[in-house]
Amino acid sequence: MAGNFKVCVVGGAGGIGQPLSMLMAMDPNVSELCVYDLTMAMVPAEGVAADLSHLNMKCKVKGYAFDKDDKAIDKAGDCLTGCHLVLVPAGVPRKPGQDRKDLLNINAGIAKNIVEACAKFCPEAVVGLIVNPVNSVVPAMCEMWKKKGETSQSSAFITTLDVVRADKFVHEMTGAPMSDVSVPVIGGHAGTTILPLFSQCQAAVSGLRTDSSGTQIHVRSVDRVGA
Ligand SMILES: NC(=O)C1=CN([C@@H]2O[C@H](COP(=O)(O)OP(=O)(O)OC[C@H]3O[C@@H](n4cnc5c(N)ncnc54)[C@H](O)[C@@H]3O)[C@@H](O)[C@H]2O)C=CC1
Ligand SMILES: O=C([O-])CC(=O)C(=O)O
C-alpha cells in the first residue's frame, strides 16, 4: 500500500537535487515534497517545484528559497516540520583537481546548519546526507546530535551511487543481465575507501578474473579471442 510521506530535498534546485526531487515527486509513497534551496541558486527552487507540481502524481510540491545568510534553524520550519525524510545534496561540488575532502570545511558548515534545523523541526525524520565528503560529514553530524542528546534523529550515508556504478560496470564488462548483477559495496565514499565486493556477486565471480599483476580481465572477451 502506498505511503503518505513528507520529504524535503535541501539543495533541491542543484545538479543532484533536481533529479532527486523529480524521483521523489514521482514516488507513490510521497504525498508532499518540499524543494528547498538558496535564493542565489542558479535555478530557482520555486521554479523546480512548479514544474514538478505539474506531474500527474498525487504528490503536492512546494518550493522554498532562503537567503544565504538566513539560518535554516530560523527560517525552515514550514518546509521541515512533519518531514519523514530529509535528503541533503546542499553544498559545494568539487572542481577539477579537488578531492572530496577539500570540501569538508564549507560543506560541514552547511550541513550543520541544516541538521540543527532538522533536530528542531523534524527530530523523528531520517536525514540522508549526500553532501561530500560524506565519509566525514555524516560522523561529524552524528557526534553533534549525540552531544546535544538528540537521540531520535537518525542519519544515513547516501552512497547508493557506488552500488549502482559497480553493478553497471560488471554488467558492461561481463555481459551478464543487469537483473543478475548485485555487487555489495562497503567502506566509504572516497577514492580509496569505496570497496566493491566482487567476490560476493556470482556474475562478477564468473565473468571477471584478475591476472597475476592484479589487473582485472574480462573473461568473455578472452573467450571470444580464444574461440
Ligand atoms: N554522496 C554521493 O554519492 C554524491 C555526493 N555529491 C555531492 O553532493 C553535493 C551537491 O552536488 P551538486 O548537486 O552537483 O552541486 P550543485 O552546485 O549543482 O548543487 C548544490 C545545490 O545546493 C545549494 N545550496 C548550497 N548551500 C545551501 C544551503 N546552505 N542551503 C540550501 N541549499 C544550499 C546550491 O544553491 C545548489 O543549488 C556536492 O557536495 C557533491 O560532492 C554528488 C554526487 C554524488
Ligand atoms: O565525485 C564527486 O565529487 C561526486 C561524487 O561523490 C561521485 O560522483 O561519486
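This note goes through the domains, the nonpolar cores and the two ligand surroundings of a predicted model.

1. Domain assignment. The chain is assigned two domains, domain 1 covering residues 5-147 and domain 2 covering residues 161-226. Their centres, taken over C-alpha atoms, are separated by 32 Å. Contact between them involves five residues of domain 1 and four residues of domain 2. On the domain 1 side, the touching residues are two nonpolar, one polar and two charged.

2. UniProt record, N-terminal part. In an unreviewed entry, UniProt places "domain: Lactate/malate dehydrogenase N-terminal" at residues 6-154. In the model this span is 40% helix and 20% strand. The C-alpha atoms at its two ends lie 16 Å apart.

3. UniProt record, C-terminal part. The feature "domain: Lactate/malate dehydrogenase C-terminal", also from an unreviewed entry, is listed by UniProt at residues 159-204. Here the chain is 39% helix and 13% strand, with 20 Å between the end C-alpha atoms. As for bounds, the record ends this feature at residue 204, whereas the domain assignment carries domain 2 to residue 226.

4. Largest nonpolar core. This core holds 49 residues, and the members that touch the most others are V86, V88 and C118. The element that gives the most to this core is α5, with eight residues. Leaving out residues up to four places away in sequence, V88 touches V10, G11, A111, I114, V127, G128, L129, I130 and V131.

5. A separate core. Another core, of ten residues, lies apart from the largest one. Its members include A166, C201, A204 and L208.

6. Ligand 1. There are 27 residues around ligand 1, and those that come nearest are G11, G14, G15, I16 and N132. Two elements give two or more residues to this shell: β2 (30-38) and α5 (104-121). By class, the shell has 16 nonpolar, nine polar and two charged residues. α5 thus appears both in this shell and in the largest nonpolar core. G11 is likewise worth checking in the viewer: it is among the residues nearest ligand 1 and is also touched by V88.

7. Ligand 2. The residues around ligand 2 are P93, R94, R100, N132, L161 and H189. They divide into two nonpolar, two polar and two charged. N132 is listed around ligand 2 and is also one of the residues that come nearest to ligand 1.

Key. Residues are numbered from 1 along each chain as its sequence is written. Chains are lettered from A and ligands numbered from 1 in the order in which they are written. This is a predicted model: local features need pLDDT of at least 70, side-chain atom pairs count only at pLDDT 80 or more; totals for chains, interfaces and linings use all residues. A residue is near a molecule or strand if its C-beta atom, placed from the backbone, lies within 6 Å of it. Helices (H or I, at least four residues) and strands (E, at least two) are DSSP runs, numbered from the N terminus. Ala, Val, Leu, Ile, Met, Phe, Trp, Tyr, Cys and Pro count as nonpolar, Asp, Glu, Lys and Arg as charged, and the others, Gly among them, as polar. UniProt positions are given in the numbering used here, feature names are shortened, and annotations may be inferred rather than shown by experiment. A nonpolar core is a set of buried Ala, Val, Leu, Ile, Met, Phe, Trp, Tyr and Cys residues joined through C-beta atoms within 7 Å. A residue is buried if 20 or more other C-beta atoms lie within 10 Å of its own, exposed if 12 or fewer, and partly exposed in between; C-beta atoms are placed from the backbone. Two residues are in contact if their C-beta atoms, placed from the backbone, lie within 7 Å. Domain bounds come from an automatic or database domain assignment.
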